[in-house]
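Let's take a walk through a protein model together. Keep the 3D view open and turn it as you read.

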Amino acid sequence: MDKLFYEREAISQGAKYICGVDEVGRGPLAGPVVCAAVIMPLEDIIEGVDDSKKLTAKKREKLSPLIHEKAIALAICRVEPEVIDEINILQATRLCMKNAVESLTVKPDIVLCDGNMTLDISIPQKSVIGGDAKSYSIGAASIVAKVYRDNLMKDYALLYPEYGFSSNMGYGSAKHIAAIKEYGLCPIHRLSFTKK
């Protein structure tokens with residue numbers, strides 16, 4: 001699979017700055033949803049950039065600083081559990097992606113968006129299903145978002161040690177669900193996800 005297929009297509013249509021945007025943390029019971037938007041230089045590719053879910057934590061932690069260093073522009077945004085509960089996870093994810101794109105210091109000519117998301121932005125956009133594995137720009141965004149959120153959940157693990165956030169990252173593991181039953185919910189739990 002050519003990871004620059006969508007980028008080349010955009011360049012052929014006159015785009016110069018191509019933004020990849022991706023989210024992490026749609027499924028967990030706790031913590032924010034996090035989105036990253038990145039504009040990467042395409043003449044100097046970082047080897048190994050892929051869908052963050054396919055990479056080991058060690059590999060992601062090695063790649064993330066390189067992406068930060070090389071990016072033409074990069075922004076990370078988060079939407080907190082109380083907003084997720086208020087507007088639902090799909091709308092929270094769309095808002096988070098929009099905020100990340102609009103926080104870039106360089107305005108992109110086109111936004112490549114992971115999944116079948118459409119964002120409420122004035123910039124041309126293209127949805128790419130499975131984009132984090134198919135597009136270099138989206139893959140870079142997925143790594144940055146994942147490393148940021150994992151580190152955040154490790155910080156929360158120090159505040160709320162009983163839930164095992166440093167290993168489950170807020171997802172509904174058996175141990176996490178057992179901890180909720182024993183200790184109740186903590187301030188970073190999503191009430192709309194934990195009603196049962």
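We'll start with the nonpolar cores, then visit a lysine, and finish with the aromatic rings. One thing to keep in mind is that this is a predicted model.

Let's begin on the inside. In soluble globular proteins, nonpolar side chains tend to be buried together. Here, the largest nonpolar core has 24 residues, and the members that touch the most others are Val21, Val101 and Leu119. Which elements give two or more residues to this core? They are the strands β1 (18–24), β2 (33–39), β3 (73–79) and β4 (110–114), together with the helix α4 (89–102). Helix α4 supplies the largest share, six residues.

Try clicking on valine 21 to see its surroundings. Leaving aside residues up to four places away in sequence, valine 21 touches a whole crowd, including Ala36, Met97, Val101, Leu119 and Ile138. Apart from this core there is another one, made of 19 residues, with Val34, Ile46, Ala71 and Ile143 among them.

Now for a charged residue. Lysine 146 is part of helix α6. Is lysine 146 buried or exposed? Its relative accessibility is 15%, and because buried means under 20%, lysine 146 counts as buried. Not counting residues up to four places away in sequence, lysine 146 touches Val24, Ser52 and Arg60.

Next, the rings. A pair of aromatic rings is described by the distance of the centres and the angle of the planes. Searching the whole structure turns up three aromatic pairs. One of them joins tyrosine 163 and phenylalanine 165, with 5.5 Å from centre to centre and 15 degrees between the planes, and this pair is stacked. Both partners are tucked away: tyrosine 163 is buried at 2% relative accessibility, and phenylalanine 165 is buried at 0%.

Tyrosine 163 has a ring partner in tyrosine 183 too. Their centres are 6.4 Å apart and their planes sit at 70 degrees, so this pair is edge-to-face. Why does this pair tie together parts that are 20 residues apart in sequence? Because tyrosine 163 lies in the loop between α6 (136–159) and α7 (165–168), while tyrosine 183 lies in helix α8 (residues 174–183). Tyrosine 183 has a relative accessible area of 46%, so it is partly exposed. Put Tyr163, Phe165 and Tyr183 together and you have one aromatic cluster.

One last stop: look for arginine 190. Its charged end sits over the ring of phenylalanine 193, 5.0 Å from the ring's centre.

Note on methods
Residues are numbered from 1 along each chain as its sequence is written. This is a predicted model: local features need pLDDT of at least 70, side-chain atom pairs count only at pLDDT 80 or more; totals for chains, interfaces and linings use all residues. Side-chain values use heavy atoms; hydrogens and water are left out. Rings of Phe, Tyr and Trp (its six-membered ring) pair if their centres lie within 6.5 Å; planes under 30 degrees apart count as stacked, over 60 as edge-to-face and the rest as tilted. Buried means under 20% relative accessible area, exposed over 50%, partly exposed in between (1.4 Å probe, protein chains only). Helices (H or I, at least four residues) and strands (E, at least two) are DSSP runs, numbered from the N terminus. A charge sits over a ring if NZ of Lys or CZ of Arg is within 6 Å of the ring centre and within 35 degrees of the ring normal. A nonpolar core is a set of buried Ala, Val, Leu, Ile, Met, Phe, Trp, Tyr and Cys residues joined through side-chain atoms within 4.5 Å. Contact means heavy atoms within 4.5 Å.
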